[in-house]
Amino acid sequence: MSLRQRDTALRELMDDPQCDPGRLDATLRRFGTVNRLVSGWGGIYRAHLRPHLAGLGRPARVLDLGCGGGDLIGRLAGLARRDGLRVQWLGVDPDTRAHAVARARERDDVRFRCTDSTALRAEGERFDAVVSNHVLHHLTPEELAGFAADSLALSSGPVLHADIARGRLAYGLYAVGIAPLAPGTFLHTDGLRSIRRSYRPDELQRALEPAAAGAGAARVWHVDSPAPFRLLARGSGHA
């Protein structure tokens, strides 16, 4: 096995419509713990999202694209409440199985819909910020271009897409570290496949540039590594 190139032929077990529903449910629910440990969203919220939302001086709307079981938006909503920010959060995912899990996390300020970015854009929706987590590595080049363009069109503020950074050390540490959380889930196999499908920073920057050019801008995406083994693609929306 080589990690020098993305292995885009790999398919994650949970992407199979016929996968075991019990293991899928357990996987989606346990993502909350995994993401708290590895995703780095606490730092992304403090560095990029909180300053923007606080500066609006009014209630805000934030969209999470491809929200899965809704753990990220639930965490961000909790951080915003703690900071006294008034925010309405919407998580969307076209997978009905993920939507069913996410709905258990609904609150007055957190809602979920079973839809996608293209449908929201067609509805004329607009948000003060758009985020996603672990979506980019799932997408084909054509899907990535559409997803990136939609996210810029839906946001009047920051667009923040976080994902895994492919690497041998990340692969080895994950293989060992996920063991206590993996029983009864797809976390072990799918996590390692995700790493093999993921980008390195320069690869993601190049992959997003065609999408940026399609939106009429020379360079609107900036890819960096905010935490070990992590990528963050930052753009400015034009809604």
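Let me start in the loop between β6 and β7, where β7 covers residues 230-236: that loop holds Phe229. This is a predicted model, so please take the values as computed from it. The phi of Phe229 is near 65°, which is positive in a residue other than glycine. As background, most residues other than glycine have a negative phi. Is Phe229 buried, partly exposed or exposed? Its relative accessibility is 36%, and Phe229 therefore counts as partly exposed, since that class lies between under 20% for buried and over 50% for exposed.

There is another residue to list under positive phi. His134 is not a glycine either, and its phi is about 60°. His134 sits in the loop that runs between β4 and α6, the latter being residues 141-154.

Now the sheet. It is open, it has seven strands, and the pairing is mixed. Reading across, the order is β3-β2-β1-β4-β5-β7-β6. Which strands stand at the edges? They are β3, residues 110-113, and β6, residues 222-224. Each has a single partner strand, so one side of each has no neighbour in the sheet. On average, neighbouring strands here are turned by 20° against each other, with direction ignored.

Within the sheet, take β1, residues 60-65, and β2, residues 87-92. These two strands run parallel and are joined by six bridges. In that pairing, Asp64 stands opposite Gly91 of β2.

Last, the helix on this sheet. α3, residues 71-82, packs on it and touches β1, β2, β3 and β4, where β4 is 129-133. The direction of α3 makes about 175° with that of β2.

That is what I have; questions are welcome.

Terms used. Residues numbered from 1 in each chain as written. Predicted model: local features only at pLDDT ≥ 70, side-chain atom pairs only at ≥ 80, totals over all residues. Heavy atoms only, no water. Pairing = 2+ DSSP bridges. Helix = DSSP H or I, 4+ residues; strand = E, 2+ residues; numbered from the N terminus. Axes fitted to C-alpha atoms, helices over the stretch in contact; angles between N-to-C directions. Contact = heavy atoms within 4.5 Å. Buried < 20%, exposed > 50% of the residue type's maximum accessible area, 1.4 Å probe, protein only.
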